[in-house]
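Got your viewer open and a hand on the mouse? Load the model, switch to cartoon view, and let's take a walk through it together.

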Amino acid sequence: MDRGRASMARGLGRAGRGRRIDSGAMDSTLDRALKSAASRLAGVSAAPVADAEELLGRLLRLERTQLYLERTRELSTDEWQTLDRWLTRRTRGEPVQYITGRAAFRGLDLAVGPAVLIPRPETEGLVEAVLSVLRDELEHWRAPRVLDLGTGSGAIALAIASEWPSATITATDASEEALAVARANAEACGLAGRVRLLHGDWFDALPADERFEVVVSNPPYIADEECEALEAQVREFEPEHALFSGPTGLEALRLIVDEAPRHLVAGGLLALELAEMRAREVAGWLEGARDWQGVTLRDDLSGRPRVLLARREKGPAIAPAQWLEEG
């Protein structure tokens, strides 16, 4: 998720923090609320109008277009007071998604909080890459088994479950708090029966010989020394364990790449989100290696390499459960 991890600039400023909305003013319409909120966030947020729309949309349970169609709607005193509290939190740098407790991801409306990363558009691209391979392999993988490592809010696992009904999904996380969020999201999305959630560090949550057609992950990939380069709202509010991998930023990726062959069927897919500045280095680990073939990098909408795809090569048996398939 780009986790804001790739946005290594623009922190939120402190301008406008002292202003409050006067709910006792004569004009208490939605139109005024939108304008007042955007004005209060100007110079504080990189996208004050979008933030104002999201906050008011969540507060009033209205779609963006409805906000403007109902702009003459009167807000209650309680609604004004809630908006004022939310704006105060936003001016202090807290992400909108944590303020509202909700985040959109590929058509799903997910609960989020400080225990999990905020799902981002880059991770939607990772899901799309997996679905593209599932479409290509439809004749061979009628009921694909998909493993999501470090599931967090469950965004990847739930999106694949929602969009590929024949898939069987397993999702792991080392954080019990994150799994609680993922479990609540699975139930709210009506997908609890489709997604198995396991507690454990990466592959440690699984039986040694359990195999999948797909292993997908958006792991931590920021180096410790890059902390100060992150946006303040990412650095100060999102969970460190899901952002930082260690001194090089490659530690989690290396573990996944090394262990994935034991849990993939022959020809199985490994799909990873990673930092653009280290994408080619990680791809280099797999290119020409005995266990991998078809190593490719996919760009995000900005033309940056952010998704790595590789297929497990057929070869010498790696785990006992794979002996027959390797024959």
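Start by selecting helices α6 (residues 121–136) and α7 (residues 155–163). The axes of these two helices come within 10 Å of each other and cross at roughly 40°. (Axes are lines fitted to C-alpha atoms, for helices over the stretch in contact, and angles run from 0 to 180 degrees between N-to-C directions. Helices are DSSP runs of H or I with at least four residues, strands are DSSP runs of E with at least two, and both are numbered from the N terminus.)

What do we call a pair like α6 and α7? They are oblique to each other, because under 35 degrees counts as roughly parallel, over 145 as roughly antiparallel, 65 to 115 as roughly perpendicular, and the rest as oblique. Their crossing is right-handed, meaning that the near helix is turned clockwise from the far one by less than a right angle; anticlockwise would be left-handed.

Now show the side chains where they touch. On α6, pick T123, L126, V127, V130 and L131; on α7, pick I156, A159, I160 and E163. Contact here means heavy atoms within 4.5 Å. Colour the patch by class and you get seven nonpolar, one polar and one charged residues. (Ala, Val, Leu, Ile, Met, Phe, Trp, Tyr, Cys and Pro count as nonpolar, Asp, Glu, Lys and Arg as charged, and the others, Gly among them, as polar.)

A quick word on what you're looking at: this is a predicted model, where local features need pLDDT of at least 70 and side-chain atom pairs count only at pLDDT 80 or more, while totals for chains, interfaces and linings use all residues. Residues are numbered from 1 along each chain as its sequence is written, and side-chain values use heavy atoms, with hydrogens and water left out.

**Next stop: the sheet**

Select the strands in this order: β5-β4-β3-β6-β9-β11-β10. Together these seven strands make an open sheet with mixed pairing. (Two strands pair if DSSP finds at least two bridges between them.) Which strands sit at the edges? Those are β5 (195–199) and β10 (292–299), each pairing on one side only. Look along the sheet for its twist, which averages 15° from one strand to the next.

Where do our two helices fit in? Helix α6 lies across β6, β9, β10 and β11, running at about 160° to β9. Helix α7 packs on the sheet too, touching β3, β4, β5 and β6, and its direction makes about 175° with that of β4.

Zoom in on β3 (residues 145–149) and β6 (residues 212–217), which pair in the parallel sense over four bridges. Click L149 and you'll find its bridge partner in β6, S217. Moving along, β6 and β9 pair in the parallel sense as well, over five bridges, and V216 stands opposite A271 in β9. Keep A271 selected and look the other way: it stands opposite L309 in β11. β9 and β11 run antiparallel and are joined by five bridges.

Is β9 mostly covered or mostly open? It's mostly covered: nine of its ten residues are buried. (Buried means under 20% relative accessible area, exposed over 50%, and partly exposed in between, using a 1.4 Å probe and protein chains only.)

**A small detour: the hairpin**

Go to β1 (residues 102–105) and β2, which pair in the antiparallel sense over four bridges. A104 stands opposite D109 in β2. The two strands form a hairpin with two residues between them, and R106 in the turn has a positive phi of about 45°. At 23% relative accessibility, R106 counts as partly exposed.

Now turn on the side chains of β2 (residues 108–111). L108 and L110 point to one face and are buried, while D109 and A111 point to the other and are not. In a regular strand, side chains alternate between the two faces of the sheet.

**Last two clicks**

Select L253 in helix α11 (residues 251–259). At 1% relative accessibility, L253 counts as buried. Its neighbours in contact include P219, Y221, L272 and W285. L253 and Y221 are 32 residues apart in sequence, yet 7.3 Å apart in space, C-alpha to C-alpha.

Finish at R61, in the loop between α2 (48–60) and α3 (64–69). R61 has a positive phi of about 60° although it is not a glycine, and at 77% relative accessibility it counts as exposed.

Key
Pairing = 2+ DSSP bridges. Lists of a residue's contacts leave out its neighbours within four places in sequence.
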